[in-house]
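Here is my note on the model you sent, set out as numbered points. Please read each point with the sequence and the structure open beside it.

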Amino acid sequence: MTAFLLVLGSAVLGAAASSLLSLLPALHVFNVMGGLILGLLALNEAGVVLPPEVVLPAMTGLVVGWSMLNTIPSILLGAPDESAMFTVLPGQKYLMMGRGYEGVMLTGVGGLAGVFFLVFVVGPLAPRYLPLARTVLGPHLHWMLWVIITFILMSEWPRGGTHGASGWARFADAWRSLGAGLLTFLLSGFLGFIVLYRSPVAVEMAFQNIMPAFVGLFAVPWCLFNVLSATEPPPQVRTASLELSGDVILRATAAGGLGGGFAAFFPVVTGGVGGLLAGHATAQRDERVFILSQGASKLVYYVGALMLFFVPGLGLRRGGAAWMLQAFYTPRTRYDYLMVLGATAVAGAVAFLLLSPLTRLTLGLIRRTNYRAVSIAALGIIVAVVAALTGASGLFVMAVGAGIGSLPVLFGSRRLNALGILLLPMACNLSGFGPDVARWLRLI
Amino acid sequence: MEPTPQSTPSGTVDPIHCPACGRFAGARARCPHCGTRMPRRMSLRLFRGAAILLATVGLGLLYAMVRAREIPLVRVDDVAETMNFAYVRVAGQVHRNARVFRSGGRIEGLRFTLDDGTGAIDIRVRGRQAEVLEREGRIPRAGDRVELAGSLQVTADAVSMWLQDAGALHIDRETPAPPPPADPSDVSDVSDPSDAPDRPVPLATLADIDTGTVVEIEAEVVHVRAPPAGSNAPWRVVLQDGSGAAVPLVFWDELAQRLADRMPAPGQRLRLRARRDEYRGTIQLRLLRADDLRPAGGAPAP
């Protein structure tokens, strides 16, 4: 009974804590988890060891809550993480039409559907079928990853070249965004080799090696361009109902569950890539389905990746949360798995119930506060987090990442190309020649 | 008189309407209707140039910086949970020959334990790099002093290090290594033939031995507990020796299947080699290979 109450309380606490994060744009849950883990270590040093019944549900609650509530800054403050970048375009369209609240709630419904999908579909089936899927797919991961990279690069489309004088000028105009996309992919891939093989971050904080680069690639450019562009959203309307039907929710959950699930299971593939693949695979044209499916995809990706770590007989480490937790805990039995599943369900419910009041609170803040000031504050917070966790060398990595991450925004190519930071080194590693490339680059 | 630029409600300058006549001027430098100079707009080209400069020069500097930085040498007992993925150097002595894992005549990998005087760490090498080491006669063996650079993997159960480049392994050896076998057997999971067992250590002394160290044990089986059906829990064999201490030996189903008819039974006396681990604060032994377990006094299992 004590364990039950501990798990319940910790899951609720984790989800509630994530509501604070939802008010701090551009702050990623993994950055916060890094800080929490340092806190746990400090407690251990002091002789206070928290039981798994507290740590695991709290961490799960944090990830579940953040995956749901991060929709608020993503849409209302234009500060999406990598996995939400597809939601932001239609979401911001809602915001600029004064329907930001509705956009957030639609994405939240998608997230809630994602929790149902994880708890009631993936939960019972995963221990039986995922180990088999892993065995079957294991030898094929390397070429599948190269196919995904090819798809990402080749599905970029030229955004110019339709007007003006024909000839080289028009050709160059057409290739500007394509070239920027390729350049972004290659530069971020090179950055990936550096941070994965020879990170300048102090060895004592090596578990956060990639964090400054990610912050630079995805969070900093958004804050900077929000400051520069200073868009003023119009007054927002709150609605008491959503234009939804069971059919729309079902189609969106299928698409989002597929994309998020694929991203969670497949190494290196993140929620953004999963969303892209799911969007193409299911070809859902209804904007509501799209927004809902991206909400589901994001939640299934982040929470599903953590859940896989606990699936009995699988032991798969996917996503930042699992990689951080593996240093502290080895799940072994159904006890751990059921505990995480239960925490996911509880935290999902709490986070969804928090979504509406927090959205109203944020809209109130936006009305009273300058949008540019919010972006500057967000930038300040993420720079402070990077500096606190990784020091000056982390800030340097973040600055370089920001330069690379700004290219897609400025040249009109897809920000997804910046995921070359993981895709390129990991595709080389899975193919068996990653160390050869690193040696050729004289990194090892 | 200089016209006053129009302001938005938030106080920023409206960049697209003429400050004099208030009509739409778009991105032009002067109003097309009255010719008034528009409030200055910064060219997007400037930001593009700045981003490319920051990305390329910054990346170049970062590359130069990491290459100029010496790979830090760490002591094994200094390795902490937050050092997961760190690329570091370790130096120490190899007390036992490396184990070479083969399948179908090909090396799948090798591993050995390095002791730097502060603790022991498991070093792992994947197939291609292991092949290079074998070809060059540089597979570590007992007595070698070794220095290597690799990436740390810290889990709740153990600390290990992956050697990613055979060139990053330096061996200080007094006598040259024997040549590689002419015809490597295609038996999987085979250890080096000269991998002689050590003297068994009493179970009571496990508390003084570092986690991750592989030890030789001779003890009697007190109790055997199979995992519940469908569970991912390990098999648990409680061992007791003359020192009076009782310590669980754990292994998972895959290994249990390999043990087959050699599965321990209560009352049986065993000689085994296992890794000293901890689970939730309790010391346990983890059996790594089926061949590491045999009846006490008997010949090693085939």
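**Notes on charge, surface and strand pairing**

1. At 65% relative accessibility, A:Arg368 counts as exposed, because the cut-off for that class is over 50% relative accessible area. The residue belongs to helix α14 of chain A, which covers residues 334-368. Please keep in mind throughout that this is a predicted model.

2. A:Arg368 should be viewed together with its charged companions, since A:Arg238, A:Arg360, A:Arg367 and A:Arg368 gather in a patch of positive charge on the surface.

3. Chain A also carries a nonpolar surface patch of about 710 Å², to which A:Phe116, A:Phe120, A:Val121, A:Leu125, A:Tyr129, A:Leu132 and A:Val136 contribute. Of these residues, A:Phe116 is placed in helix α6 of chain A, residues 100-137, and A:Phe116 is partly exposed, with a relative accessible area of 48%.

4. Turning to paired charges, the structure holds 24 salt bridges over all chains. As general background, side chains of opposite charge can pair when their charged atoms come close. One of the bridges links B:Asp77 with B:Arg75, where the closest N and O atoms are 3.3 Å apart. B:Asp77 has a relative accessible area of 45% and is therefore partly exposed, while B:Arg75, at 43% relative accessibility, also counts as partly exposed.

5. How far apart are the closest N and O atoms in the salt bridge between B:Glu131 and B:Arg106? They are 3.7 Å apart. B:Glu131 lies in helix α2 of chain B (residues 127-135) and B:Arg106 in strand β3 of chain B (residues 106-115), so this pair ties together parts that are 25 residues apart in sequence. As for their surroundings, B:Glu131 is partly exposed at a relative accessible area of 26%, whereas B:Arg106 counts as exposed at 55% relative accessibility.

6. The salt bridge between B:Glu278 and B:Arg276 has its closest N and O atoms 3.0 Å apart. Are the two partners buried or exposed? B:Glu278 counts as partly exposed, because its relative accessibility is 34%, whereas B:Arg276 is buried, with a relative accessible area of 3%. The burial class rests on a cut-off of under 20% relative accessible area.

7. Beyond such pairs, chain B contains a network of salt bridges in which B:Arg99, B:Glu216, B:Glu218, B:Arg269, B:Arg271, B:Arg273, B:Arg289, B:Asp292 and B:Arg294 are linked. I would suggest displaying these side chains together.

8. My last points concern strand β6 of chain B (residues 159-163), which is mostly covered, four of its five residues being buried. In which sense does β6(B) pair with strand β4 of chain B, residues 120-126? The two strands pair in the parallel sense, over four bridges, and within this pairing B:Asp122 has B:Ser160 in β6(B) as its bridge partner.

9. Strand β5 of chain B (residues 145-154) pairs with β6(B) in the antiparallel sense, likewise over four bridges, and the bridge partner of B:Leu152 in β6(B) is B:Met161. The connection from β5(B) to β6(B) is a hairpin that runs through four residues. Strand β6(B) thus has a parallel pairing with β4(B) and an antiparallel pairing with β5(B).

Key
Residues are numbered from 1 along each chain as its sequence is written. Chains are lettered from A and ligands numbered from 1 in the order in which they are written. This is a predicted model: local features need pLDDT of at least 70, side-chain atom pairs count only at pLDDT 80 or more; totals for chains, interfaces and linings use all residues. Side-chain values use heavy atoms; hydrogens and water are left out. Patches are made of residues with over 30% relative accessible area and no salt bridge: like charges are joined within 9 Å, nonpolar side chains (Val, Leu, Ile, Met, Phe, Trp, Tyr) within 5 Å. Accessible areas come from the Shrake-Rupley method with a 1.4 Å probe; for residues, only the protein chains shown count as cover. A salt bridge is a side-chain nitrogen of Lys or Arg within 4 Å of a carboxyl oxygen of Asp or Glu. Lys and Arg count as positive and Asp and Glu as negative; His and the chain ends are not counted. The place of a charge is taken as NZ of Lys, CZ of Arg, CG of Asp or CD of Glu. Buried means under 20% relative accessible area, exposed over 50%, partly exposed in between (1.4 Å probe, protein chains only). Two strands pair if DSSP finds at least two bridges between them.
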